[in-house]
Amino acid sequence: MSSGVAKRYARALFEVAKERGLIEQIESELKDIVAAVESNQELGKILSHNQISRESKEQLLKDLFGAHVAAETLNFLSVLIDNGRELELGEIATAYVAMANEARGVADAVVTTAKPLGEEEVNELAVQFGKKVNKTLRVQTVVDPAILGGVVVRIGDRLYDGSIKRKLEQFAHQ
């Protein structure tokens, strides 16, 4: 599916969530559902099987998630199944999270360092890079000894590479 289609589905869900004050709840539910589908191969096979009826797929999702998610989320899953888009749930969820973050003025950042950072260091990075993108950052940290030192920060499609490994590569290239 093109990302344009995913964005349209995500936009429709986002508008409903915004209207009903459920942006954060539906975001969390989508993440949980995507994680469940990705971690359970059998569930993924059932959803992708074209000889299993739409009604059966909808009933399965209702049985699995009905008691744990908002009616809006469950209805959205039914719409996806009715339109044959259930396999695109991950891409739609990603687009939804991006819209929710934009509405809140928040961006997700992945900070990669050679050694674990303390909470104070993570907060300082969030503040400094948040100023660069004019948003509040939610930071996820990753430890990768291969970068040798320094820091690599990814915010959306932006990459700030201040790693020693990158500097050594530049030096060798020159």
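# Checking the labels

User: Why is Glu-72 called buried?

Analyst: Glu-72 has a relative accessible area of 17%. The cut-off for buried is under 20%, so Glu-72 qualifies. Please keep in mind that this is a predicted model.

User: What makes the pair Arg-20 and Glu-72 a salt bridge?

Analyst: The closest N and O atoms of Arg-20 and Glu-72 are 3.1 Å apart, and the limit is 4 Å, so the pair meets the criterion. Arg-20 sits in helix H1 and Glu-72 in helix H5, 52 residues apart, and the pair links distant parts of the chain.

User: Is Arg-20 buried, exposed or partly exposed, and how do you know?

Analyst: Its relative accessible area is 49%. Exposed needs over 50% and buried needs under 20%, so Arg-20 falls in between and counts as partly exposed.

User: How many salt bridges are there in the whole structure?

Analyst: A search of the whole structure gives nine. Another one joins Arg-104 to Glu-27, with closest N and O atoms 2.8 Å apart. Arg-104 belongs to helix H6 and Glu-27 to helix H2, so this pair ties together parts that are 77 residues apart in sequence.

User: What makes Arg-104 and Glu-27 differ in their burial labels?

Analyst: Glu-27 has a relative accessible area of 4%, and the limit for buried is under 20%, so Glu-27 is buried. Arg-104 comes out at 27%, which lies between the 20% and 50% cut-offs, so it is partly exposed. Both residues also take part in a network of salt bridges, together with Glu-24, Lys-31, Asp-108 and Arg-138.

User: How do you know that Lys-57 and Glu-86 form a salt bridge?

Analyst: Their closest N and O atoms are 2.8 Å apart; the limit is 4 Å, so the label holds. Lys-57 lies in helix H4 and Glu-86 in the loop between H5 and H6, so the pair ties together parts 29 residues apart in sequence. Lys-57 and Glu-86 are both buried.

User: Which residues touch the most other members of the largest nonpolar core?

Analyst: In this core of 30 residues, they are Ile-26, Leu-30, Leu-89, Ile-92 and Tyr-96. Helices H1, H2, H3, H4, H5 and H6 each supply at least two residues of the core. A second, separate core of 11 residues includes Ala-107, Leu-125, Ala-126 and Leu-137. As a general background, nonpolar side chains in soluble globular proteins tend to be buried together.

User: What is Tyr-96 in contact with, leaving aside its neighbours within four places in sequence?

Analyst: Tyr-96 is in contact with Ala-10, Leu-13, Phe-14, Ala-17, Leu-22, Ile-23, Ile-26, Glu-27 and Leu-30. Tyr-96 is itself one of the buried residues of H6, which also include Leu-89, Ile-92 and Met-99. The buried residues of H6 pack against H1, H2, H5, strand S1 and strand S2.

User: How does the span of H6 compare with the expected one?

Analyst: H6 has 16 residues and reaches 22 Å from its first C-alpha to its last, close to the expected 22 Å. Right after H6 comes Gly-105, with a positive phi near 70 degrees.

User: Why does Glu-102 count as exposed?

Analyst: Its relative accessibility is 51%, and exposed starts over 50%, so Glu-102 passes the cut-off. Glu-102 is found in helix H6.

User: What is the sign of phi at Asn-134 and at Leu-148?

Analyst: Phi is positive at both: about 60 degrees for Asn-134 and about 70 degrees for Leu-148. Neither Asn-134 nor Leu-148 is a glycine. For context, most residues other than glycine have a negative phi. Asn-134 is in the loop between helix H7 and S2, while Leu-148 is in the loop between S2 and strand S3. Their relative accessible areas are 70% for Asn-134 and 53% for Leu-148; the cut-off is over 50%, so both are exposed.

User: What makes Ile-164 eligible for the surface patch it forms with Leu-148 and Leu-168?

Analyst: A patch member needs over 30% relative accessible area, and Ile-164 has 40%, so it clears that cut-off while being partly exposed. Ile-164 lies in helix H8. Together the three residues of this nonpolar patch have about 280 Å² of accessible area.

Notes. Residues numbered from 1 in each chain as written. Predicted model: local features only at pLDDT ≥ 70, side-chain atom pairs only at ≥ 80, totals over all residues. Heavy atoms only, no water. Core = buried A, V, L, I, M, F, W, Y, C linked by side-chain atoms within 4.5 Å. Buried < 20%, exposed > 50% of the residue type's maximum accessible area, 1.4 Å probe, protein only. Helix = DSSP H or I, 4+ residues; strand = E, 2+ residues; numbered from the N terminus. Contact = heavy atoms within 4.5 Å. Patch = residues over 30% accessible without salt bridge, like charges linked within 9 Å, V, L, I, M, F, W, Y side chains within 5 Å. Areas by Shrake-Rupley, 256 points an atom, 1.4 Å probe, with all protein chains shown as cover. Salt bridge = Lys/Arg side-chain N within 4 Å of Asp/Glu carboxyl O. Expected span 1.5 Å × (residues − 1).
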